[in-house]
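Trainee: May we go through this model by question and answer? I should like each answer to end on the value or name requested.

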Amino acid sequence: ITKVAAGAHINVSLDGVPIPDVALTEPRKVNPGTHVLLAHVDGGAEVQCSVEVGAAETKTVTLDPPPAPIAVKPPDQKLTYQQLPYQPPPRPVTHGVSKGFAIVGFTFAAVGLVGGTVSGIVALNKSNTLDGACAEGHCGPNEWSTLDSARTWASASSALFVIGGAGLLVGSLALALRSPDRPVTARVGLGGVEVYGAF
């Protein structure tokens, strides 16, 4: 066996019978006639040789199996922009508003609305009382305290209604902002504040 790279494993057979590696360089007895030798390196092409041997004849056979082909590593495939798998963008992280804001807001709204209503009723009753005592819109000294009290209750009613409205706005915004899936939009104008959202 010639021209074989070091470390390569060689397979040789005689008439279809494999020859052990340790016996490749030793003489081998055969019957007179034609014999076929096959040899190949692992992964390489096979070579064949036919030998005619007579009685008491010795022949030396040289086999030159080709080396195994060198495996070529395929180039790395790079995906183009169109071949890249679609990955949805990460969902934005949003932090909801604590429900404590909603509780406080609606508490102020209830207190303001109830207090404003009660104060308004008291101011209206005192105003009705003054209607009969004050002639043509002029009140005497005896009605001044009642008039001041009516004005105080009216101012308190207005202030409480403002507090109640602000509390209602804070509570509604807190509920809307608790969940990122329920957006809220506010629009401020000259006449007030408009809030749009899902609750």
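Trainee: How do the residues lining the largest pocket divide into nonpolar, polar and charged?

Mentor: This is a predicted model, in which local features need pLDDT of at least 70, side-chain atom pairs count only at pLDDT 80 or more, and totals for chains, interfaces and linings use all residues. Residues are numbered from 1 along each chain as its sequence is written, and side-chain values use heavy atoms, without hydrogens or water. Ala, Val, Leu, Ile, Met, Phe, Trp, Tyr, Cys and Pro count as nonpolar, Asp, Glu, Lys and Arg as charged, and the others, Gly among them, as polar. The lining comprises 17 nonpolar, six polar and five charged residues.

Trainee: Which residues of that lining lie nearest the centre of the largest pocket?

Mentor: A pocket is an open set of points on a 1 Å grid over the protein atoms alone, where a 1.4 Å probe fits, with protein on both sides within 12 Å along at least five of seven lines; lining residues have an atom within 4 Å of a point. Of the 28 lining residues, those nearest the centre are Glu26, Pro27, Arg28, Lys59 and Val61.

Trainee: Which residue does Lys59 meet in a salt bridge?

Mentor: A salt bridge requires a side-chain nitrogen of Lys or Arg within 4 Å of a carboxyl oxygen of Asp or Glu. Lys59 is partly exposed (20% to 50% relative accessible area, 1.4 Å probe, protein chains only), at 43%. At an N to O distance of 3.8 Å, its partner is Glu57.
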